[in-house]
Amino acid sequence: MTKMIGKSVKRVEDKRFITGKGQYTDDIILPNMVYAHFVRSPYAHAKILSVDTAEALAHPGVIAVYTGADVAEVNGVPCGWQVNFKSGETMKEPKHPLLVVNKARHAGDAVAVVIAESKEAARDAVDLVEVDYEELDAVVDPKKAAEDGAPLVHEDAPNNICFDWELGNPKEEVDAAIAGSAHVTTLEFANQRVIPNAIEPRSYIGDYDVAHDKYTLYTSTQNPHLIRLLLCAFVLGIPEHKVRVVSKDVGGGFGSKIFHYAEEALVTWIAKELGRPVKWTADRSEAFLTDAHGRDHVTKAEMGFDEEGNITGLRIKTYAAMGGYLSTFAPAVPTYLHGTLLQGLYTTPKIHVDVVATFTHTCAVDAYRGAGRPEATYLLERMLDTAALEMGMDPAELRFKNFIPAFNGVDEEGYVTNVALQYDSGNYHPVLQRALEMVGYEDFRKEQAAARENGKLLGIGFSTYIEACGIAPSAVVGALGARAGLFEVSQVRVQPTGMVSVYTGAHSHGQGHETTFAQVVADKFGIPLEHVDIVHGDSDSVAFGMGTYGSRSLAVGGSALVKSIEKVIEKGTKIAAHVLEAAEDDLEFADGKWTVKGTDKSIGFGDVSLTAYVPHNYPAGLEPGLDFSSFYDPTNFTYPFGAHIAIVEVDKDTGKVSLKRFIAVDDVGNVINPMIVDGQIHGGVVQGVGQAMFEQAHYDEDGQLITGSYMDYAMPRADDIPMIETDRTTTPCPHNPLGVKGAGEAGAIGSTPAVVNAVMDALSPFGVKNLSMPLTSESVWRAMNS
Amino acid sequence: MKIEGDYLLKASPATLWEKLLHTETLAKITPGVKHLEETAPGQFIATSEIKIGPVQGSFKGDLSIKDKKEPEGFTLVLSQKSKIGNATAEVKLNIIPESAEETKVKYEGKAKLSGVLARTGQRVIGGVVKTLAKQFFKALEAELAKGTSDVEVSPTEASPPPSPEADTPPA
């Protein structure tokens, strides 16, 4: 049997995806099903004076119309993470009702829902619901929201502040370190709001089976068990064993499908009210308006350096938008996923970060591919390249000078940061070194100088990042405010014939778990890949799970899987020893069979499995069967890192930025399937390039989302992206059995600042140091011509 | 959103004043207007059909005229509702004599959009407003040339100017 771990096996799930056989929630049609369509506020901030549903109810095919008053007694959607004020006071956590009662708080806020026999009837009747609004002033900028006199999103959150929070060394020490620096680099910038844009819009079906008093929610979520927990325990107050949550194929999430949305609870609640299954699928416009957005930070950063270019201190003040309501993970993103990453790869001795989270009259902001870590990386890497320019140093040299020295986390301690983390293992020089070799750095600088002579603007930008993945050790995140554990669950059920069904609490929505997890099982058991089936996304099949986000599936879910695999092998060894009439210690398990060491006596995996289920010749006292579950709670986060380099050319006449080359050298620990990791890096890089060059969710001052369709919201396209050149170094994770660190977010974290830094390098002859993303032709042209 | 512009017409301020405040004429020359009904002096209910790039809809709502200062100008206040979003606008019209034969009508004000109208129409709306205004004044010109108000003006489909970033033509 060849080794399966480390092999670029083609993805087994792709057969059904490319032949149109995937089963997405909207593909499910239940008998007697009815359809929901929402009445959404056209205003960002408005009093609801009245809602008249009479005409809509009279529309042919309409069954019911529910308004905020109908669900006023139902709990709101909860927030899963609590962050406290500096003073210790609990964050402001206003109710997030399923439907608006008195006031709409963002454009697209759901005011009523129409249920009809057909999608079309529901859609038509939505126009017949007469809502009388009184439009109020809105605030959309996270920093302006905190100013005195700004319109309030929630009356009980003065100055719109959800919390103000700090982390790091005492502020005075950081102030002193920066004051005593030979050079201080200061930048003020926004990390603009972006829209996740999963290709599959959110889709939910609520179903209630009166015969068994049982609910089923089909949902396009990244974490079915988490949705069940929130739905049952917090929103509807229904018993968890009476609810099944099914999340089959999901067409991308990028974070936006982690969160528990009001529509999920509503279709479930209405299904029982009406005694009929209720389906809702967002249209693209609703996806723009209501899928939780990402980023939206406004930051001032100051970094001090001594005369040699060693970093002396870092001081950050960030305003982070929460939007109109607190989404499930929202408070954690600018704090524990952002503030804690500001050590980066550097030995910065003093760090202080201050985060003010504000409510704004906008769609909620929550985790989006990278979640906080891209914001931290953008901040640090923009500072490094800007500082290098200001101090007349080479940006690569400046990084080498400030890198934390290598440590393996096994016989060398993990690196304790100034911002509450302990890095597991790291070796940062080689990734940048390798990236420089790939790009041909010295030659490029010559080429750049020659090009400048000829009026061509070439630029190179660097980004060396670290991220905290494998989310997360429950005790640690509990202390940080998480209201859930972040372990993972696996069950390995070996069938009598030796075929293996694996039930995982991780959830695949494009990541390829059905291949990667099967590779781990096939490798460890020494059986063909085809003998392994990965089951996920159904709370009635899978015991429990925390789902997929934060690059956690393999590091946490894969570790849970290995635990169950080890239990199977341990029990299998007992059975094999009995059948082979040998001592357990004399057996070795390899290539799918147990062999008595030094002999040709052996028994295969299939025979042991059959013996476990037909236990005629069986060890006394041993239970039949070969089926194990495991919970795995990691002891630490994992810390992938890498070096990304972008090369751009800026057109002098039009300001158009062309990405010429992109080099990504990542260290994600051990790799199970290199092809899938490359794919993840490619996708992540493109998403990060999208933020740097194209994407922006723009609200006007009235709170209207004026980039509410693909006419105005630009996504990166294939011809915007050069072939991404990837390579890897391998620094295994010392604390999980596979030595893996996670690869899903790396590309999106590292790439954005590399591109922006490259454009700033290209524009350096113009004295341009800081431009807001996205770097459109217009903004670049204006910068060159002002 | 800011609305501003001007138009030069061959008429005296007094004639323009008369035409601009004549309900039937106003209904005829205003692009897209299907119906205009005076409910009280200076107060109207208007229904119109407008197509702006990819969005089209029927609007209904109030139109009122305030701050009348004959023949120098007045302020037009619009509050229109539709299934694709609502629009409110307050536009000041100044009637300024330029010469013995010519008078300039200068307009400036602000409009606010919501809903789909704001979300997908915003980028083209500046151009649309300019086009609509131009159509309005052209129709007014025709009306002035006729002397009587029996000009047929069809409901208008405003085509926005081509945008350099648009890669699909407006529907």
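**Exercise 1. Is N159(A) buried, partly exposed or exposed, and what is its relative accessible area?**

Solution. The model is predicted, so local features need pLDDT of at least 70 and side-chain atom pairs count only at pLDDT 80 or more, while totals for chains, interfaces and linings use all residues. Residues are numbered from 1 along each chain as its sequence is written, chains are lettered from A and ligands numbered from 1 in the order in which they are written, and side-chain values use heavy atoms, with hydrogens and water left out.

Step 1: buried means under 20% relative accessible area, exposed means over 50%, and partly exposed lies in between (1.4 Å probe, protein chains only). Step 2: N159(A) has a relative accessible area of 26%, and therefore it is partly exposed. Step 3: N159(A) sits in the loop between β6 (130-135) and β7 (161-168) of chain A, where helices (H or I, at least four residues) and strands (E, at least two) are DSSP runs numbered from the N terminus. Step 4: the phi of N159(A) is near 55 degrees, a positive value in a residue other than glycine.

**Exercise 2. Describe D296(A) in the terms used for N159(A).**

Solution. Step 1: D296(A) is not a glycine, although its phi is positive, at about 65 degrees. Step 2: its place is the loop between α7 (284-290) and β13 (297-305) of chain A. Step 3: the relative accessibility of D296(A) is 9%, so this residue counts as buried.

**Exercise 3. Locate two cis peptide bonds, one in each chain.**

Solution. Step 1: in chain A, M773(A) and P774(A) are joined by a cis peptide bond with omega of about -5 degrees, and P774(A) is found in the loop between α17 (746-762) and α18 (777-784) of chain A. Step 2: in chain B, a cis peptide bond with omega of about -5 degrees joins E70(B) and P71(B), and P71(B) has its place in the loop between β4 (55-69) and β5 (73-81) of chain B.

**Exercise 4. Follow the salt bridges of R40(A), K86(A) and R399(A), and say which parts of chain A they link.**

Solution. Step 1: a salt bridge is a side-chain nitrogen of Lys or Arg within 4 Å of a carboxyl oxygen of Asp or Glu, and by this rule the count over all chains comes to 47. Step 2: R40(A) forms a salt bridge with E286(A), with the closest N and O atoms 2.8 Å apart. R40(A) lies in strand β1 (residues 34-40) and E286(A) in helix α7 of chain A, so the pair ties together parts that are 246 residues apart in sequence; both R40(A) and E286(A) are buried.

Step 3: the side chains of K86(A) and D354(A) meet in a salt bridge of 2.9 Å, N to O. K86(A) lies in the loop between β3 (62-67) and β4 (103-104) and D354(A) in strand β15 (residues 351-359) of chain A, so this pair ties together parts that are 268 residues apart in sequence. K86(A) counts as partly exposed at 38% relative accessibility, whereas D354(A), at 8%, counts as buried.

Step 4: R399(A) and D385(A) meet through their side chains in a salt bridge of 2.7 Å, N to O. This pair links helix α9 (residues 395-402), which holds R399(A), with helix α8 (residues 373-391), which holds D385(A), and the two residues are 14 residues apart; R399(A) and D385(A) are both buried. Step 5: salt bridges that share partners join R40(A), R202(A), E263(A), E286(A) and D291(A) into one network.

**Exercise 5. Describe the contact between chain B and chain A.**

Solution. Step 1: with contact meaning heavy atoms within 4.5 Å, 14 residues from chain B and 20 residues from chain A take part. Step 2: the buried area, which is the accessible area (1.4 Å probe) that two parts lose on being put together, summed over both, is about 1500 Å², and carbon and sulfur atoms give 42% of it. K83(B), K112(B) and R119(B) supply 40% of the area that chain B buries against chain A, more than any other three residues.

Step 3: the rule finds three salt bridges across this interface, and K83(B) forms a salt bridge with E130(A), the closest N and O atoms being 3.5 Å apart. Step 4: the elements that give two or more residues to the side of chain B that touches chain A are β7 (102-113) and α3 (115-146) of chain B, and α3(B) gives the largest share, six residues.
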